Amino acid sequence: MFPQDHARKEDPLLNVQDGYPFTLQQGSVVDLLGSMSSYNHDLRGHSERVSSLCMPVAFRMGLTGNRLLYLQLAALLHDVGKLDVPPHILDKRGMLSLQETLVIQDHSLRGEQLLRSLSLPDPICQTVRTHHERFDGKG
């Protein structure tokens, strides 16, 4: 378990309160995951693996309620912005050009924008936006 003093103050899940967190049109997350799977089979599988790996860690850290729900949704949707990455870049084997690299790097911002357009809670959107950040802020 990580000591509380190591938690980042800007951690979007740090101050989430319990209670019914938000209204999500039924099926929206499933629809997004389906879109990810249709667009690129590896994308959904990767997202499901990330979620399955982070949940036991979250339990061990003592996350409960909405913090746990938000983390699970953010883990499942962390790469949803890759729906805006052209398939020839996403599927490219070998080295990416600088321009292709910049397109890939932009996926977290695009994912945040997509989730905000669906009115998902801010902590989920922020987590998707920052999922490549390092603790030193140089991600």
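Q: Why is His 88 called exposed in this predicted model?
A: The relative accessible area of His 88 is 56%. Exposed means over 50%, so His 88 at 56% earns the word. As for its place, His 88 belongs to helix H4, and its C-alpha atom lies 9.6 Å from that of Glu 100, 12 residues apart along the chain.

Q: And why does Lys 82 count as buried?
A: Here the relative accessibility is 17%. The cut-off for buried is under 20%, so Lys 82 falls on the buried side. You will find Lys 82 in the loop between helix H3 (65–77) and helix H4 (87–90).

Q: What makes Tyr 39 a contact of Lys 82?
A: Contact asks for heavy atoms within 4.5 Å, and Tyr 39 is listed with Leu 43, Leu 90 and His 107 as touching Lys 82 once neighbours within four places in sequence are set aside.

Q: What makes 5 residues in the lining of the second largest pocket charged?
A: Asp, Glu, Lys and Arg count as charged, and the lining includes Asp 42, Asp 79, Lys 82, Asp 91 and Arg 93. Another 2 lining residues are nonpolar and 2 are polar. The volume of this pocket is about 170 Å³, and helix H2 (residues 41–61) gives the largest share of the lining, 3 residues.

Q: How do you know where confidence is low?
A: Across residues 1–9, pLDDT stays under 50, on a scale from 0 to 100. Where pLDDT is low, the predicted coordinates should not be read in detail. The chain as a whole averages 83, and helix H5 (residues 98–105) reaches a mean of 96.

Conventions:
Residues numbered from 1 in each chain as written. Predicted model: local features only at pLDDT ≥ 70, side-chain atom pairs only at ≥ 80, totals over all residues. Heavy atoms only, no water. Helix = DSSP H or I, 4+ residues; strand = E, 2+ residues; numbered from the N terminus. Buried < 20%, exposed > 50% of the residue type's maximum accessible area, 1.4 Å probe, protein only. pLDDT = per-residue confidence, 0-100. 1 Å grid on protein atoms, 1.4 Å probe; cavity = no way out; pocket = protein on both sides within 12 Å on 5 of 7 lines; lining within 4 Å. Points joined across faces, edges and corners; volume = space filled by probe spheres on them.
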